[in-house]
Amino acid sequence: MPLSLIPDYLFAAYGDVTPAFLRSRGITLLLSDLDFTLAPKSVRRPGRDLREWIAALAEEGITLMIVSNNRSGARVTEFCADLGIAFQGHAGKPSPRGLRAAMDRAGTDAAHTAMLGDKLLTDMLAAHRAGVLALMVEPLGGAVTPWQRVLHALQAPFKTACRRRGGEKSG
């Protein structure tokens, strides 16, 4: 089981992960973190841009499912219900368990799955451990707390390694 923290690809924001990019890599299931990946944690309801992006994915046959470590299921439940998409709660990332459960629910395998997230120690590590494509975005809303600032600073060398490999994408 790979333990790499280096994302396969780095994007500025979720909207830069296009259906064409995913399809060119055979991806039919996109697993995604919610907080700071698709919306700042303070945002309670999905916006129009997110809805349009999800619709574009669906038009290309790509299913989006949220995989979240949130302790309280209320935010994820409400957010996903509003979007009409499924979620895998209490995922336990960086364990691959939640990602594998989501793939089982969707009826697909690791070769056709990607994980989108903003954190190396949970999202990217879980993606690599599950054997899926690891896609990283810059956190929406930025690092708010001092601890988040420290975590994001610690991620910089791994993002640089991804860029050096040619893994930075603008859409």
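Okay, let's start with aspartate 118, which counts as buried because its relative accessibility is 0%. One thing before I go on: this is a predicted model, so please keep that in mind throughout.

So what does aspartate 118 pair with? Its partner is lysine 119, in a salt bridge where the closest N and O atoms are 2.9 Å apart. Lysine 119 has 22% relative accessibility, so that one counts as partly exposed. If you want the chemistry reminder, side chains of opposite charge can pair when their charged atoms come close.

Lysine 119 also takes us to the largest pocket. Along with Asp35, Lys41, Asn69 and Asn70, Lys119 is listed among the lining residues that lie nearest the pocket centre. The whole lining is 15 residues, and the space inside comes to about 410 Å³.

What is the lining made of? Seven of its residues are charged, five are polar and three are nonpolar. As for where they come from, helix H5, residues 120-130, and helix H6, residues 146-164, each put in at least two. H6 has the largest share, with three residues.

While we're on H6, have a look at the surface. Trp147, Val150 and Leu154 make up a nonpolar patch there, and together they have about 340 Å² of accessible area. Take Valine 150 as one of the three: it sits in helix H6, and its relative accessible area is 40%, so we call it partly exposed.

Back to the pocket centre, and to aspartate 35. Which residue does aspartate 35 bridge to? That's arginine 75, with the closest N and O atoms 2.6 Å apart. Aspartate 35 is in the loop between strand E2, residues 29-32, and helix H2, residues 48-59, while arginine 75 is in helix H3, residues 73-83, so this pair ties together parts of the chain 40 residues apart in sequence.

Are those two partners buried or exposed? Aspartate 35 has a relative accessibility of 8%, so it counts as buried. Arginine 75 comes in at 6%, so arginine 75 counts as buried too. The cut-off behind both calls is under 20%.

Now set that beside another bridge. Arginine 51 and aspartate 82 meet through their side chains, at 3.1 Å from N to O. Here arginine 51 is in helix H2 and aspartate 82 in helix H3, so the pair ties together parts that are 31 residues apart in sequence. This time both partners are partly exposed: arginine 51 has a relative accessible area of 34%, and aspartate 82 has 30%.

How many salt bridges are there in total? The count comes to ten. Some of the charged residues are joined up further, and Asp33, Lys93 and Asp123 are linked in a network.

Lys93 is a handy stepping stone to the backbone. The peptide bond from lysine 93 to proline 94 is cis, with omega near 25°. Proline 94 is in the loop between E4 and helix H4, residues 97-106. That's worth pointing out because most peptide bonds are trans, and most residues other than glycine have a negative phi.

On the phi side, which residues should you click on? Histidine 90 is one of them, with a positive phi near 45°. Histidine 90 is in the loop between E4 and H4, and at 53% relative accessibility it counts as exposed.

Phenylalanine 36 also has a positive phi, near 70°. You'll find phenylalanine 36 in the loop between E2 and H2, and with a relative accessible area of 9% it is buried.

Last stop, isoleucine 85. Isoleucine 85 is in the loop between H3 and strand E4, residues 87-88, and at 15% relative accessibility it counts as buried. Where does the chain come back to it? Try threonine 63: the two are 22 residues apart along the chain, and their C-alpha atoms are separated by 8.5 Å.

If you open the model later, I'd begin with aspartate 35, since it lines the largest pocket and forms the salt bridge with arginine 75. That's it from me, happy to take questions.

Methods. Residues numbered from 1 in each chain as written. Predicted model: local features only at pLDDT ≥ 70, side-chain atom pairs only at ≥ 80, totals over all residues. Heavy atoms only, no water. 1 Å grid on protein atoms, 1.4 Å probe; cavity = no way out; pocket = protein on both sides within 12 Å on 5 of 7 lines; lining within 4 Å. Points joined across faces, edges and corners; volume = space filled by probe spheres on them. Helix = DSSP H or I, 4+ residues; strand = E, 2+ residues; numbered from the N terminus. Nonpolar A, V, L, I, M, F, W, Y, C, P; charged D, E, K, R; others polar. Patch = residues over 30% accessible without salt bridge, like charges linked within 9 Å, V, L, I, M, F, W, Y side chains within 5 Å. Areas by Shrake-Rupley, 256 points an atom, 1.4 Å probe, with all protein chains shown as cover. Salt bridge = Lys/Arg side-chain N within 4 Å of Asp/Glu carboxyl O. Buried < 20%, exposed > 50% of the residue type's maximum accessible area, 1.4 Å probe, protein only.
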